[in-house]
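Got your viewer open and a chain on the screen? Let's take a walk through it, one selection at a time.

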Amino acid sequence: MLIRPIASVVSCCALAFAAAPAFAAFYGDPPDSTHPWAVHDMNRPQPPLVTPGTFSTPEQPGRPPSDAVVLFDGTAASLSQWEADKSPAEPTKWIVKDAAMQCVPGSGYIRTKESFGDCQLHVEWAAPEKVAGDSQGRGNSGVFLMGQTEIQVLDNYNNPTYADGFAGSLYGVNPPHANALQPPGAWQVYDIIFRRPIYKNGQVLDSGRFTVMLNGVVVQDATPLEGGGGHKGRSKDHPLAEKGPLKLQDHGNPVRYRNIWIRPLPPRATDGGDMGAMTPEAATAKKLEIAKNLRADAEKLNGKPQLLRRMEALCYEQDAATVNQVLTGITTWITKLQKIPTGQMEAQKGDILQIRDALKYLMQFKFLPDDFKALAQIVQIIQSNGWEKK
Ligand code: MG
């Protein structure tokens with residue numbers, strides 16, 4: 001069976017955007033109070049390039065994506081990234097055997113030395129091939145994000161238990177949407193997307209959530225954390241630290257792990273990032289930054305490119321100085337156009353249509369005064385040359 005890391009499909013976008021035309025300004029809906037970029041804004045940063053990973057097979061774990069933090073690669077050396085949870089000064093007693101990290105029952109949880117917050121986590125695990133025990137006693141372990149919230153690891157192949165304790169459950173909170181397990185002894189694959197709770201001034205902005213795929217099947221779909229769950233007790237929303245270690249559970253069964261890697265995820269707008277709608281304050285700050293950069297860039301240009309760059313800056317900040325520069329620049333440009341003999345106007349057609357479109361855009365969204373007469377003058381030039389019908 002092919003086991004495909006979900007990160008292997010995400011890297012096509014950067015090349016597609018790189019090929020997009022550079023004149024996307026004055027195109028999509030403009031920046032607004034909570035979105036600092038226009039729709040299809042070329043000033044929005046390009047996605048970083050990531051070389052995708054490869055599939056795992058039952059015999060061979062796949063290769064992680066290029067930007068992943070590899071937490072266990074099958075070597076004894078990579079076990080040094082982990083420590084005993086209860087006695088961190090001591091190395092874990094878990095062992096590496098046949099390129100897998102194996103829980104030694106009674107040795108306690110292990111945790112990473114490094115801490116993580118929001119992340120994409122890839123973990124492969126296998127319950128013992130020889131079945132022993134039942135319900136919660138068969139092939140039990142667990143993946144604890146930030147050391148606190150458990151995605152259950154359990155051999156539920158022909159092994160009923162309480163639903164919110166199944167493999168792939170957010171333990172004690174939500175059962176998996178499906179039981180997509182392979183038989184005991186086979187490698188099972190978790191791809192987990194974790195978002196921690198975000199609080200501000202004691203108020204919850206985002207209660208946090210889990211998305212989990214088990215062997216490529218979605219078993220948690222942005223499931224609210226509800227405090228992260230636990231044994232017997234109903235948990236409630238509460239803040240977590242920004243980061244915490246990844247922990248794996250010793251529940252008394254020799255569960256094996258391989259191919260563990262993690263990718264920190266970019267912060268949400270609710271966490272000071274720029275993913276999604278931002279606060280008006282953050283969006284304004286970003287717009288001012290973009291406008292400042294565009295104005296600085298305009299100073300290095302001349303003629304039409306300079307005019308267009310200044311017009312572009314007005315989409316983010318309508319400062320009086322730039323408005324005046326643009327109004328003056330367009331008026332001066334039209335005066336020059338009007339002196340060009342009719343027979344030589346064709347060479348100016350592209351520039352004229354481009355400035356017309358930019359001007360229409362800025363006036364439509366009130367970034368320039370809508371009583372500016374220049375647009376009518378440009379339209380008149382276009383129509384008198386027969387470039388567009390009335
Ligand atoms: Mg467990």
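Start by selecting Asp 118, Arg 195, Asp 206, Arg 209 and Arg 268: a network of salt bridges links these residues. Keep in mind that you're looking at a predicted model. Side chains of opposite charge can pair when their charged atoms come close. The structure has 21 salt bridges, so let's visit a few more one by one.

**Stop two: a buried pair.** Select Arg 111 and Asp 85. They form a salt bridge, and 3.3 Å separates the closest N and O atoms. What does this pair tie together? Arg 111 sits in strand 5 (residues 110–116), while Asp 85 is in the loop between strand 2 (82–84) and strand 3 (95–97), so the bridge ties together parts that lie 26 residues apart in sequence. Both Arg 111 and Asp 85 are buried, so you may want to hide any surface display to see them.

**Stop three: a link between distant parts.** Now pick Asp 271 and Arg 196. In this salt bridge the closest N and O atoms are 2.8 Å apart. The two residues come from distant parts of the chain, 75 residues apart. Asp 271 belongs to the loop between strand 15 (256–264) and helix 2 (280–299), and Arg 196 to the loop between strand 9 (188–195) and strand 10 (198–200). Is Arg 196 buried or exposed? Its relative accessible area is 7%, which is under the 20% cut-off, so Arg 196 counts as buried. Asp 271 has 29%, so this residue is partly exposed.

**Stop four: out in the open.** Select Lys 366 and Asp 370. These two form a salt bridge as well, with the closest N and O atoms 3.3 Å apart. Both Lys 366 and Asp 370 are exposed.

**Last stop: an empty space.** Rolling a probe the size of a water molecule over the atoms shows where empty space is left. How many cavities of 30 Å³ or more does a search of the whole structure find? The search finds one. The largest cavity holds about 30 Å³ of space. To see its walls, select Phe 116, Gly 117, Cys 119, Leu 145, Met 146, Gly 244, Pro 245, Leu 246 and Ile 262. Then color strand 14 (residues 244–248): this strand gives the largest share of the lining, three residues. What kinds of residues make up the lining? Seven are nonpolar, two are polar and none is charged.

Technical notes
Residues are numbered from 1 along each chain as its sequence is written. This is a predicted model: local features need pLDDT of at least 70, side-chain atom pairs count only at pLDDT 80 or more; totals for chains, interfaces and linings use all residues. Side-chain values use heavy atoms; hydrogens and water are left out. A salt bridge is a side-chain nitrogen of Lys or Arg within 4 Å of a carboxyl oxygen of Asp or Glu. Helices (H or I, at least four residues) and strands (E, at least two) are DSSP runs, numbered from the N terminus. Buried means under 20% relative accessible area, exposed over 50%, partly exposed in between (1.4 Å probe, protein chains only). On a 1 Å grid over the protein atoms alone, a cavity is a set of points where a 1.4 Å probe fits but cannot get out, and a pocket is an open set with protein on both sides within 12 Å along at least five of seven lines; lining residues have an atom within 4 Å of a point. Grid points are joined across faces, edges and corners, and a volume is the space filled by probe spheres set on the points. Ala, Val, Leu, Ile, Met, Phe, Trp, Tyr, Cys and Pro count as nonpolar, Asp, Glu, Lys and Arg as charged, and the others, Gly among them, as polar.
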